[in-house]
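Thanks for sharing this one. Here are a few notes to read alongside the coordinates.

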Amino acid sequence: MAARIDLHTHSTASDGTLSPAELVRAAADAGLDVVALTDHDTTAGWDAAVRALPPGLTLVRGAEISCRWYGVEPAIPLHLLAYLFDPTEPELVAELTRVRAAREVRGERIVALLRADGVDVSWAEILAGAAGGTVGRPHIAQALIRAGLVASTSEAFGPDWLGERYRLPKDDIDVFRALALVRAAGGVPVFAHPRASRRGRIVPDELIVDLAAAGLAGLEADHEDHSPAERAHVRGLAAELGLLVTGSSDFHGTHKTVRLGAYTTDPGAYERIVAAATGVTPVASG
């Protein structure tokens, strides 16, 4: 039987609801053979995940990097999954630190906007809920749920709340700079959910052509936010450009309904990622 490989998950080190240790145990319980921990703009969960790794599970250490393409106005946000990079590479560390700090500033400003409109949410409580992880809109969504203002994270991300009315831009990394930094750190960059039109604006295929020329290794095709037509489009584009294709759950625990292993990556694509990486190696438990 082919290995079951999920290359996109989040823990409490960013905006997931399972700790890194709980996440790797849940991955094993879900029948996965390989799981990637890809928290937003941080490697803070790596060590705890390695220490808790259950027998038979391989951990791919990574991050999901907040990027932006400045080829149009306003710029389009996008995410790069970076796998197996050196977490001590100074320039990459500096950029990720800057982006995390900017996320916190943005979060505090969103809470100030909510409070100015009479919404009783507390920044101190939201920070405590993040428990030292990278603060994101899901943490604010949880505060709105606790206050009884919305019923779910998806409602909190709707236009009346964090999707539009109380949405502020993040200070992201230029996508070409992020690509260069990940490659310089020995990592393998894959474009996360590139055609997820339900999330908002998507970049044109011409940008993906340029990114491939600049070192992009792959495209995430099988993802819950892609329609069947969008998945097929991503696969076709990857084939044209010689890029590898991944599939993954983008698991966030109870912040989303998707389960670990809901979408998986072909072992051949995984092997290409491992072969291309020179930063760190996957960690296999005995």
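1. Let me start with handedness: helices α4 and α5 cross in a right-handed sense. Please keep in mind throughout that this is a predicted model.

2. On the geometry of that pair, α4 spans residues 123-130 and α5 spans residues 137-146. The two helices pack at an angle of about 120°, and their axes lie 9 Å apart. Since angles of 65 to 115 degrees count as roughly perpendicular and those over 145 as roughly antiparallel, α4 is therefore oblique to α5.

3. Which residues make the contact? From α4 come Glu-125, Ile-126, Gly-129 and Ala-130, and they meet His-139, Ile-140, Ala-143 and Arg-146 of α5. By character, the residues of this contact divide into 4 nonpolar, 2 polar and 2 charged.

4. Towards the start of the numbering, an unreviewed UniProt entry annotates residues 5-69 as "domain: Polymerase/histidinol phosphatase N-terminal". In the model, the chain over residues 5-69 is 25% helix and 37% strand. The end C-alpha atoms of this stretch are 29 Å apart.

5. Finally, a look at Ser-227, which sits in the loop between β7 (218-222) and α9 (228-241). Is Ser-227 buried or exposed? Neither label fits: its relative accessibility is 22%, and buried means under 20% while exposed means over 50%, so Ser-227 counts as partly exposed. As for its distance to Ala-238, the two residues are 11 apart in sequence, and their C-alpha atoms are 17 Å apart in space.

Methods. Residues numbered from 1 in each chain as written. Predicted model: local features only at pLDDT ≥ 70, side-chain atom pairs only at ≥ 80, totals over all residues. Heavy atoms only, no water. Axes fitted to C-alpha atoms, helices over the stretch in contact; angles between N-to-C directions. Helix = DSSP H or I, 4+ residues; strand = E, 2+ residues; numbered from the N terminus. Parallel < 35°, antiparallel > 145°, perpendicular 65-115°, else oblique. Left-handed = near helix turned anticlockwise from the far one by under 90°. Contact = heavy atoms within 4.5 Å. Nonpolar A, V, L, I, M, F, W, Y, C, P; charged D, E, K, R; others polar. UniProt positions renumbered as here; feature names shortened; annotations may be inferred. Buried < 20%, exposed > 50% of the residue type's maximum accessible area, 1.4 Å probe, protein only.
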